[in-house]
Amino acid sequence: MQQKSQGRVQMEGLTVGEVAKRSGVAVSTLHFYETKGLIRSWRTTGYQRRFKRDVLRRVAVIKVAQSVGIPLAEIGDALQTLPAGRTPNACDWSKLSTQWRQQLEARIRQLQGLRDRLDGCIGCGCLSLEACPLRNPGDAAGKENSGPAYLPGP
């Protein structure tokens with residue numbers, strides 16, 4: 001494959017294959033991100049998908065956010081706050097990561113509480129749902145009806 005000059009790549013854009021190769025993300029994933037509004041492309045006269053170079057940074061932001069457990073819907077909301085048509089910069093990342101840090105710290109506290117309560121659950125096999133602090137805290141299910149309220153249906 002011939003190397004394109006910097007100006008020509010900017011004018012023509014990156015193909016989906018080039019973005020996939022450079023970002024380490026599958027083409028199908030890029031298509032999925034586009035359907036979710038996380039990234040944008042345009043079509044050439046031959047109806048081929050093209051991306052601006054800033055998509056590489058946006059894909060990197062998406063992958064980092066996903067790796068720490070941020071749901072795609074929240075990533076999409078955050079990306080909507082960024083100016084369109086330019087590569088996200090360090091200031092943009094700082095704003096996003098500050099917002100996500102608070103969510104991650106809350107999730108960590110929740111998981112630590114779950115871990116600490118899990119020790120009391122080991123061995124019960126959830127045979128006593130009225131006493132299970134994880135599956136039925138405060139016997140909420142018993143207030144609604146008696147019997148196996150949480151057993152899966154057929």
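Q: In this predicted model, how are α5 and α6 oriented to each other, roughly parallel or roughly antiparallel?
A: The axes of these two helices, in a model that is predicted, come within 11 Å of each other and cross at roughly 150°. Angles over 145 degrees count as roughly antiparallel, and the crossing angle therefore makes the relation of α5 to α6 roughly antiparallel.

Q: Which residues of α6 make the contact with α5, and what is the hand of the crossing?
A: The crossing of α5 and α6 is right-handed. By class, the residues of this contact comprise 4 nonpolar, 1 polar and 1 charged. On the side of α5 the contact is made by Glu-74, Ile-75 and Ala-78, and on the side of α6 by Leu-96, Trp-100 and Gln-103.

Q: How are α4 and α6 oriented to each other, roughly parallel or roughly antiparallel?
A: Two packed helices are described by the angle between their axes and the distance between the axes. For α4, which covers residues 54-67, and α6, which covers residues 90-118, the axes come within 12 Å and the crossing angle is roughly 15°. Angles under 35 degrees count as roughly parallel, and α4 and α6 are therefore roughly parallel.

Q: How many nonpolar residues does the contact of α4 with α6 have?
A: α4 passes α6 in a right-handed crossing, and in this contact Val-61, Val-64 and Ala-65 of α4 meet Trp-93, Leu-96 and Trp-100 of α6. No polar and no charged residues belong to the contact, and the number of nonpolar residues in it is 6.

Q: Where does Asp-54 lie, and is this residue buried or exposed?
A: Asp-54 lies in helix α4. If neighbours within four places in sequence are left aside, Asp-54 is in contact with Arg-86, Thr-87 and Pro-88. Its relative accessible area is 11%, and because residues under 20% count as buried, Asp-54 is buried.

Q: Which helix supplies the largest share of the largest nonpolar core?
A: The largest nonpolar core has 23 residues, and those with the most contacts inside it are Leu-30, Ile-39, Ile-75 and Trp-100. At least two residues of this core come from each of α2 (16-23), α3 (27-35), α4, α5 (72-80) and α6. The largest share, 6 residues, is supplied by α4.

Q: Which residues are in contact with Ile-39, leaving aside its neighbours within four places in sequence?
A: Ile-39 is among the residues with the most contacts inside the largest nonpolar core. With those sequence neighbours left aside, the residues in contact with Ile-39 are Leu-30, Tyr-33, Glu-34, Phe-51, Val-55, Arg-58, Val-59 and Ile-62.

Q: How is α2 oriented to α3, roughly parallel or roughly perpendicular?
A: The axes of α2 and α3 come within 9 Å and cross at roughly 105°. Angles from 65 to 115 degrees count as roughly perpendicular, and the crossing angle therefore makes the relation of α2 to α3 roughly perpendicular.

Q: Which residues of α3 make the contact with α2?
A: The residues of this contact divide into 5 nonpolar, 2 polar and no charged. From α2 the contact takes Val-16, Gly-17, Val-19 and Ala-20, and from α3 it takes Val-27, Leu-30 and His-31.

Q: Against which elements do the buried residues of α2 pack?
A: The buried residues of α2 are Val-16, Glu-18, Val-19 and Ala-20. The elements against which these buried residues pack are β1 (14-15), α3, β3 (49-51) and α4.

Q: What is the phi of Tyr-47, and is this residue buried or exposed?
A: Tyr-47 is found in the loop between β2 (42-43) and β3, and its phi is positive, near 60°, in a residue other than glycine. Most residues other than glycine have a negative phi. With a relative accessibility of 59%, Tyr-47 counts as exposed.

Q: What pattern does the chain follow along the sequence?
A: The secondary structure of the chain comes to 7 helices and 3 strands. Read along the sequence, these elements follow the pattern α-β-α-α-β-β-α-α-α-α.

Q: What percentage of the residues of the chain count as buried?
A: Among contacts between residues at least 6 apart in sequence, 51% join residues at least 24 apart. The chain has 154 residues, and the share of them that count as buried is 24%.

Key:
Residues numbered from 1 in each chain as written. Predicted model: local features only at pLDDT ≥ 70, side-chain atom pairs only at ≥ 80, totals over all residues. Heavy atoms only, no water. Axes fitted to C-alpha atoms, helices over the stretch in contact; angles between N-to-C directions. Helix = DSSP H or I, 4+ residues; strand = E, 2+ residues; numbered from the N terminus. Left-handed = near helix turned anticlockwise from the far one by under 90°. Contact = heavy atoms within 4.5 Å. Nonpolar A, V, L, I, M, F, W, Y, C, P; charged D, E, K, R; others polar. Buried < 20%, exposed > 50% of the residue type's maximum accessible area, 1.4 Å probe, protein only. Core = buried A, V, L, I, M, F, W, Y, C linked by side-chain atoms within 4.5 Å.
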